[in-house]
Amino acid sequence: MEQRFVAKNALPLKDSFTTRWQAPSNIALVKYWGKTAPQLPKNASLSFTLSNAVTQTQVEFAPLENPSKSVSFTILFEGEEKPSFRPKLETFFANILPYQPFLTHYQLAITSQNTFPHSSGIASSASSMAALAACLVDLEAQLSSLTEENKINKISFLARLGSGSACRSTQGPLMAWGTHTAIANASDLWAVPVSDIHPVFTDYCDTILLIDKGQKKVSSTLGHKLMHQHPYAEQRFAKANAHLSELLPILQQGNFEAFISIVEKEALHLHAMMMTSDPYFILMQPNTLSVINNIWAFRKETSIPVCFTLDAGANVHVLYPNEFDAQLKQFIEGELLQYCENRQCVHDKVGTGIKKY
Ligand code: DP6
């Protein structure tokens, strides 16, 4: 229990309070894969915060005459009631209640929507948990005094308890989560922005190719669990931390070649963990590999520093500096969209995190 995050003297309000926050998705360059309770990462991770792929969440907090035992809430997602969302939210609220005990004094009406297709493989749990956490901390700020630093760290801290990677969606453009010798203020409990970045990485582009929009066959949660018995777990955690150490100076210098090498290795190491766990599984699809091969051929032919990364699914994130936007759009349209479900992709860019909307 982290005493410093327990809300103090937060007396309930008399009137309803409504707040709206949006949070983006993020894409990890160094991957988080493996955790211990309560949602603590086995290695440090690093991600680009995105800007167009966002979840927008409104919460109306209506005071209750008699406090309930757990958090009472309703959830409308894109205009529809979603009973399937309740278990994850119930677990989330149970996890955060010790830190925000005042929540039992309210009925929460949560309404939420994404600017990208749900279950498209774009990390909707990251953006949705970060947006919800921002609403909850906004209420807390009405009840007790919180500095800006306390607020942003608490949002990240609560978001982490909903979904690990969500803690990295709060700020941008680059976020680190997990203690690491090279990042003095890094923590396992919340994510922090990485400063001292070459300007080229502050407006990097990420086009997300939607290869397979179906529900994931193996959830990230199960994938993380399989790292407990994994034969290569310790090597993987050490390698991820080493990749992060290598990446920091590369991000400062703007060295594309070195950046590409680490980012692509990280994506393939993540999927190698899936293929070598017990039970083993493969989330890449034949079209994932076709896209990767096309990116490699295009990079060789043009010397444009474009690379790919993957999260826990078949979709491919195509990463490139903004100055090559026109060439990349043409390449993606002409060569890569044929591998996407209904030729769908989401053009995104690096962004700055949560905001009120
Ligand atoms: C492959 O954050 O979705 O995207 O903590 O169980 O909610 P939970 O898992 P989640 O895992 C993300 C895994 C990843 C890599 C990453 O984002 O670092």
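## Exercises on the ligand site and helix α1

In this predicted model, an oxygen atom of the ligand lies 3.0 Å from an N or O atom in the side chain of His224. Taken alone, the ligand exposes 460 Å², of which the protein buries 92%.

**Exercise 1.** Determine which residues come nearest to the ligand, and describe how the residues of the shell around the ligand divide by character.

*Solution.* Begin with the residues around the ligand, of which there are 16, and note that Tyr32, Lys35, Ser163, Gly164 and Ser165 come nearest. Next, examine two of these residues in detail: an N or O atom in the side chain of Tyr32 is 2.6 Å from an oxygen atom of the ligand, whereas Gly164 places a backbone N or O atom 2.7 Å from an oxygen atom of the ligand. Then sort the shell by character, which gives five nonpolar, seven polar and four charged residues. Finally, assign the shell to elements: helix α4 (residues 220–226) supplies the largest share, three residues.

**Exercise 2.** Identify the buried residues of helix α1 (residues 86–96), and explain why they lie on the same side of α1.

*Solution.* First, taking under 20% relative accessible area as the cut-off for buried, one finds that Leu89, Phe92, Phe93 and Ile96 of α1 are buried. These residues cover an arc of only 95° around the axis, and therefore they are on the same side of α1. The general background is that an α-helix has 3.6 residues a turn, so residues three or four places apart point the same way. As a last step, look for the packing partners of the buried residues of α1, which are β5 (72–77), β7 (106–114), α2 (124–143) and α3 (148–162).

Key
Residues are numbered from 1 along each chain as its sequence is written. This is a predicted model: local features need pLDDT of at least 70, side-chain atom pairs count only at pLDDT 80 or more; totals for chains, interfaces and linings use all residues. Side-chain values use heavy atoms; hydrogens and water are left out. A residue is near a molecule or strand if one of its heavy atoms lies within 4 Å of it. A polar contact is a pair of N or O atoms within 3.5 Å; within protein, one must be able to donate a hydrogen and the other to accept it, and residues adjacent in sequence count only if both atoms are side-chain atoms. Accessible areas come from the Shrake-Rupley method with a 1.4 Å probe; for residues, only the protein chains shown count as cover. Helices (H or I, at least four residues) and strands (E, at least two) are DSSP runs, numbered from the N terminus. Ala, Val, Leu, Ile, Met, Phe, Trp, Tyr, Cys and Pro count as nonpolar, Asp, Glu, Lys and Arg as charged, and the others, Gly among them, as polar. Buried means under 20% relative accessible area, exposed over 50%, partly exposed in between (1.4 Å probe, protein chains only). The arc is that of the directions from the helix axis to the C-beta atoms. Contact means heavy atoms within 4.5 Å.
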